[in-house]
Amino acid sequence: MIGADTAKECDAMTFKIFPLAVLCAALVGCQSAQTQDARAESPTTQETAEPAGDASVSEAEEVDFETWLASFRRQARGEGIDEVTLERALDGLRYRPRVIELDGSQPEFVRPIWEYLDSAVSASRVSNGRERLAEYRDTARQMSERYGVPSEVLVAIWGIESSYGDYLGDFSTLEALATLAYDGRRRDFARGELLAALRIIEAGDISPERMKGSWAGAMGHTQFIPSSFLAHAVDGDGDGRRDIWNSIADVLASTANYLDEAGWREGEPWGSEVRLSQDFDYTLTEPDTRRSTAEWAAAGVRALSGHALPDFASASVITPAGAQGPAFLVGHNFRVILRYNNATSYALAVATLSDAIAGRAGIQGEWPREQPALKRSEVREMQQLLDARGFDVGTPDGILGPNTRRGLRDFQREIGVTPDGFATKALLDRLRR
């Protein structure tokens with residue numbers, strides 16, 4: 001049975017696991033239902049540190065892993081990988097218990113979006129982004145003109161994914177993926193990524209020993225997983241290789257190409273912070289509720305700046321902290337950023353960091369910072385209590401997503417408060433009573 005919100009959406013604000021940029025969707029669960037929006041903090045946590053401290057591996061585990069690896073080698077050979085590549089990439093590969101530990105970890109607290117954005121769009125992140133943009137201005141402008149994606153957006157993704165290259169991860173991609181394919185939660189997915197990694201090596205883009213990244217297989221300055229690398233990475237500097245580890249031209253070109261192929265519309269903004277009317281219907285604040293700008297204006301949506309709203313044919317109004325926090329009108333390009341990482345908080349971080357790097361105003365509305373963070377166990381309890389009262393949200397899974405928000409709105413209507421679907425401890429206490 002599908003969990004309350006796991007299969008639907010990954011935008012609960014949680015502690016980070018590691019930047020997986022483009023799409024470790026299946027491996028870490030909808031880009032991870034456990035890690036969702038993670039990539040903004042200065043990655044000094046255990047997931048991005050050098051992979052020291054692996055638990056000792058028993059002789060039996062080593063034998064089992066070697067048996068699996070031999071079987072995988074035969075399969076890879078059968079799928080066309082040449083023997084030289086297999087020898088270079090797989091000989092001496094080790095099983096990494098630390099990878100399995102991280103794969104199975106789950107943060108205790110549901111992290112508020114404002115804490116995430118505080119680190120994602122910090123003063124140092126902004127100033128460093130401006131410095132990087134100035135340093136690589138010609139390259140960024142060239143890629144922007146080629147693919148139609150603004151330079152500041154490319155730099156913002158770079159900043160959130162790896163803090164502008166300061167934290168690329170130091171796990172062997174091959175060992176991480178082999179470990180996950182042998183013993184992880186999504187073995188078939190990891191096996192496919194391992195095969196894609198072999199094809200990258202076979203093509204000569206990177207050597208096995210230099211192919212490093214996160215525990216989940218994400219690589220380079222903007223954290224592509226191998227299959228996304230094969231599909232979207234491009235040679236930006238003309239040296240015949242796609243090197244997202246060492247060539248900033250390749251990094252910016254590959255990121256721009258990904259967004260372009262995801263449908264980026266040149267010249268269109270991501271959205272705007274807005275003010276909602278007092279009688280606004282908060283049941284409309286879901287990403288899949290889309291209307292034209294004219295229709296939203298007729299419903300009482302106004303630009304907070306006092307200027308005209310962006311002219312969107314299809315836009316959504318989102319309120320990540322319910323009626324107590326800022327509201328945003330977001331359009332097609334915001335949804336393109338979600339293709340890079342399907343988390344509202346991530347897309348908002350990229351959007352607002354890019355604005356700040358370009359010198360535009362940041363978020364003006366106040367977040368409800370007095371609201372304490374919910375534990376994942378409390379979210380699960382909330383879902384259980386909603387189910388018990390007849391507000392069907394599915395099997396409790398501890399993930400705050402659309403099903404839980406819908407059930408909360410129904411409960412809020414019942415008790416006579418604004419039905420914004422924003423989960424708080426006060427609502428949990430009401431449900432307990």
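**Packing of α15 against α16, and positive phi angles**

In α15, M382, Q383 and L386 meet T404, G407, L408 and F411 of α16, a contact that comprises, by class, four nonpolar, three polar and no charged residues. In this predicted model, helix α15 spans residues 376-388 and helix α16 residues 402-415, and the two pack at an angle of about 55° with their axes 10 Å apart. Angles under 35 degrees count as roughly parallel and those from 65 to 115 as roughly perpendicular, and α15 and α16 are therefore oblique to each other. The crossing in which α15 passes α16 is left-handed.

Helix α16 has 14 residues and reaches 20 Å from its first C-alpha to its last, which is close to the 20 Å expected at 1.5 Å a residue. Its buried residues are P402, N403, T404, R405, G407, L408, R409, F411 and Q412, and the buried residues of α16 pack against both α15 and α17 (425-432). Just after α16, G416 adopts a positive phi of about 80°.

Positive phi values also occur at residues that are not glycine. Most residues other than glycine have a negative phi. S163, although not a glycine, has a positive phi of about 50°, and Y164, likewise not a glycine, has a positive phi of about 60°. S163 is found in the loop between α7 (151-162) and β2 (171-172), and Y164 is placed in the loop between α7 and β2. With a relative accessible area of 8%, S163 is buried, while Y164 counts as buried at 4% relative accessibility.

Note on methods: Residues numbered from 1 in each chain as written. Predicted model: local features only at pLDDT ≥ 70, side-chain atom pairs only at ≥ 80, totals over all residues. Heavy atoms only, no water. Axes fitted to C-alpha atoms, helices over the stretch in contact; angles between N-to-C directions. Helix = DSSP H or I, 4+ residues; strand = E, 2+ residues; numbered from the N terminus. Parallel < 35°, antiparallel > 145°, perpendicular 65-115°, else oblique. Left-handed = near helix turned anticlockwise from the far one by under 90°. Contact = heavy atoms within 4.5 Å. Nonpolar A, V, L, I, M, F, W, Y, C, P; charged D, E, K, R; others polar. Expected span 1.5 Å × (residues − 1). Buried < 20%, exposed > 50% of the residue type's maximum accessible area, 1.4 Å probe, protein only.
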